[in-house]
Amino acid sequence: MTEARPGAGASASLWERDAELATIEEAIDALRQDRTSRGGLLVFKGEAGIGKTALLAEARRLAEQRGCTVWSARGGETVTSVPFNVVRQLMQPALLSLMPDEAREYLGDWYDIAGPALGVAAPGDRLADPQGVCDGLIAAVSRLARRDWPLVLLIDDAHWADRETLHWLAAFAERLDELSVLVVVARRPADVTGERADLLDEVAASARLTAPLSALTPEATAGLTRDTVGEHADAPFCREVWAVTGGNPYETVELLAKVQDSQLEPVEPSAAELRALNHSARGRGLVARLEGLGLDATRFAWAAAILGTGITVELVATLATLSPDEAVHCVRLLGAARILTETDPATRQVGDGDLEFVHPLIATAVYNSIPPTMRTAMHGVAAAIVTASGFGAAAASRHLLQVQPDGDPEVVEQMRAAAREHLVIGAPDAARRCLERALLEPPEPDIHAEVLYELGCATLLTSPAITIEYLQSALAMPGLGGDTRVDAVVRLSQALVHNGQLEDAVRTIDEEAARLGPGPAQLRLRAMHYMWEGLHPGEDHLPECSEELAVLAATCTGRNNSERALLILRGFDLLTRGDNAEEVVEYCDRALVGGRLAPGFGWTDTEWGIEPLLMLATAYAYADRLDRAESLYTEALRAYESAGWSGGHLALAHAYVGLGHRRRGRLRDAEASLRASLRIAERVGRRLPLYWTVTCNLVETLLARGHVDEAWEIAEGYGFAPPYPSTIVLPDPRSIRARLLLATGRREEGINELEGAEKAAVASGHHNTVVAPWSSDLARALASEDPRRAAELSAAVRRQAERFGTDTAIGEALRLAAALETGQRATSLHAQAVSCLSASPCAYEHAAARIDYAIAIRSAAELHKGLTLATACGADGLVARARRALDDGVGLG
């Protein structure tokens, strides 16, 4: 048994906790070794009253005794809907202890991203990216941990933590090996379902230890009983204490307190009275005990339970309609009855009030004892009090969520305002709850559609299916007009596409465009139509769609963003079809204003989304205008990092920066960017278009580097295999998958994939040999067994390359032709390929061509040039090939 513990309450909860305390002490000592010590996570699980809170309190004492900084927080049963509630408790004291300039300096670029969620910075106007806010919170703890080392975080009642905190904790737990922070979490094994349960499971999966806390044994209960009521307590009495409480430490302490209060003699004849005493300490018995304190004390306790957090005497008195003197008297009565206690100044957090319930079980029992109609009414009054106290709509919203709908326009507006507050701090789920509650009120007919629209926008990133339902309902009702209606149609089309309903998305756009007369709004919708058609090409409509787009784009001068979008779409369409690259660039240039993106058409602007801008930059990249492409990709990366967008947008930005590096021939940098993208994409979800973009480009880069085994590992580990997405992915995934199969010796499978790529290209009209290189690889694969077919393919590649007209396309076509020839003809073609590719910005292709040429003419000098280029690119496979040729005596004969 653990000895020398202060007070009966603490003693009860720490009996038979030697193993747990030893684990905590060991983890604290390991943390304190030096600033490079690895952090860790300990999770203690147990039923209510098992002693979790006391264990964390002892962990605090041990940590502080050893010179650690301790931050602590706890979840609350009635405040699970308050976003970032628990993480705010953890971090606010540390941040508010700093001067504003110091806090900004510590958090750096993350201040404006994480600060609003923590309540230490004013939110901006733009909706926050939830993943970016989560990353910002991780960065904030990481930076403050360096200042406050050694740092211990204690989280009690994690089963009642809000979803946003749990999302942060799950992500933070994965990083603890890199951080010198110890996290100790206590939670119940049940009492939570759905996504919050999944997040708690993720937290537990990262734990160094997950330990269930057991009930007291009969021997420990006997020892505790004698410590509390006297050594003369006999064995039958002690056994009955254990039988009545089941060894639950909290219930044992409460029962023994009742024994003392009633002056019950702790001997066998009195044991029969223990069950009645235990009943009075819990459930209905506790409620009866509370009611026995009088009406004022009961109302005060009810008000405290309704508020749940920030229980100040003043607020509770206002809600309970008591005078200050009456409130102080109630505090004394409830304290003596072990229902409420004053907050410990040593552990008080920002936002804590003067009071707290002695135990969560008591808080739950008191809250549940309030008659339902009274409870609802008190929540309504609490919302008004919170609002009047200046805490804002979001703080009041948790109370309004409990109020019965009554057609109150003010409640609707409060919930809409709360939703906006939640969205700007990165809590879309909380915003959704508020707007769904506003719908139940319900809203007045003239704003009902607007509320549905706002709800659809709030769920766009998290649930396309729900977004579709709300936006379709909004559009079917009167009330949405002008730009708002067009925005709703565009967002609905986005949700439909993300939900795999392309035809519905296009039909929705077309129906609204037909309803509108000519003008910017209709032009915007037509541009969206062609964007979805272009990104998700089908076999039936693409040629006709391309012709229609050409006619429409010919009328555009770039006067507004709708025209600029159409110009980009036309340029991208020309790229995929393999038309003249100069024409591609001309259309793309006309979409810019002074060589830059137009206002309202930036990477973080939501009107058009990211798709047109990626199409613009990619058209430049494959048209050999890499300076312009790289400028756009880098601008995207900076914009998303600055705005704190850490989800799919940032993953795509890293992926396309990697694409720029790959086109340049900077293969090491390309691999680094693409792997960074893959790490972010993993958090977003597999089998999405963005995931295909990342894995396809990473596999192609690894193959270019000559790292075939790593490329195969990525493909196998991340599902880079059929079925392929309907969305355009560049370069063509079938072609890259085939190249991988050929490189690993799976020749027949590779040829089958290439022939599948050929059929898809013919059906879609995508004939650009740079973005869909299937024909070159198929020609090489068939060269020995079917030279006529290989020659036909090579001739077609050259025709298409000359049609496209870039040095890269023509140079690669000449390399292919040279590989299929012999003698002087091959040498001449190799020389022409080198000449073309030396003028290309694509250094890897230049290096490969120069090595081919050097081997063909057996020139060590040329081979060294190729080797230097390949080494600079990081093309280890080409480097090895060049060195083998030198070892074989090229140039020495």
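Helices (H or I, at least four residues) and strands (E, at least two) are taken here as DSSP runs, numbered from the N terminus. The model is predicted: local features need pLDDT of at least 70, side-chain atom pairs count only at pLDDT 80 or more, and totals for chains, interfaces and linings use all residues. Residues are numbered from 1 along each chain as its sequence is written, and side-chain values use heavy atoms, with hydrogens and water left out.

## Salt bridges

A salt bridge is a side-chain nitrogen of Lys or Arg within 4 Å of a carboxyl oxygen of Asp or Glu. Side chains of opposite charge can pair when their charged atoms come close. Over the whole structure, a search finds 49 salt bridges. Three of the pairs are listed below.

| Pair | Closest N to O distance | Location |
|---|---|---|
| R338 and D261 | 3.1 Å | R338 in the loop between α17 (324-336) and β6 (340-342); D261 in helix α12 (residues 249-261) |
| E436 and R432 | 3.0 Å | helix α22 (residues 428-440) |
| R515 and E512 | 2.6 Å | helix α26 (residues 502-515) |

In the description of accessibility, buried means under 20% relative accessible area, exposed over 50%, and partly exposed in between (1.4 Å probe, protein chains only).

R338 forms its salt bridge with D261. Because R338 belongs to a loop and D261 to helix α12, the pair ties together parts that are 77 residues apart in sequence. R338 is partly exposed, its relative accessible area being 23%.

The other two pairs each lie inside one helix. E436 and R432 are four residues apart in α22, and therefore about one helical turn separates them. Both are partly exposed: E436 has a relative accessible area of 25%, and R432 has 21%. R515 and E512 are three residues apart in α26, again a separation of about one helical turn. E512 counts as buried, at 6% relative accessibility.

Beyond these pairs, a network of salt bridges links E671, R675, R705, E710 and D876.

## D162 and helix α8

D162 sits in the loop between β3 (151-156) and α8 (163-174). Lys and Arg count as positive and Asp and Glu as negative, while His and the chain ends are not counted. On that basis, D162 is buried yet has no salt bridge, and the nearest side chain of opposite charge, that of R163, is 7.6 Å away. The side chain of D162 does reach the backbone nitrogen of N85, at 3.0 Å; a polar contact is a pair of N or O atoms within 3.5 Å, where, within protein, one must be able to donate a hydrogen and the other to accept it, and residues adjacent in sequence count only if both atoms are side-chain atoms.

Contact means heavy atoms within 4.5 Å. Not counting residues up to four places away in sequence, D162 touches T80, V82, P83, F84, N85 and V86.

The expected span of a helix is 1.5 Å times one less than its number of residues. For the twelve residues of α8 this gives 16 Å, and the end C-alpha atoms are 17 Å apart, which agrees. Nine of the twelve residues of α8 are buried, leaving the helix mostly covered; among them are W168, L169 and F172.

According to an unreviewed UniProt entry, the annotation "domain: Orc1-like AAA ATPase" covers residues 16-184. UniProt positions are given in the numbering used here, feature names are shortened, and annotations may be inferred rather than shown by experiment. The span of residues 16-184 is 51% helix and 13% strand, and its end C-alpha atoms lie 19 Å apart.

## Helix α15

Helix α15 (residues 295-307) has 13 residues and reaches 18 Å from its first C-alpha to its last, close to the 18 Å expected. Ten of the 13 residues are buried, so α15 is largely enclosed by the rest of the structure. The buried residues include F300, W302, I306 and L307. G308 follows α15 and has a positive phi, near 75 degrees.

## L814 and R789

L814 is placed in helix α41 (residues 807-819) and counts as buried, at 3% relative accessibility. Not counting residues up to four places away in sequence, L814 touches R798, L829, Q832, A833 and C836. From C-alpha to C-alpha, L814 and S37 are 57 Å apart in space, with their positions 777 residues apart in sequence.

R789 is found in helix α40 (residues 787-804) and is partly exposed, with a relative accessible area of 24%. With the same sequence neighbours left out, R789 touches E758, L778 and L782.
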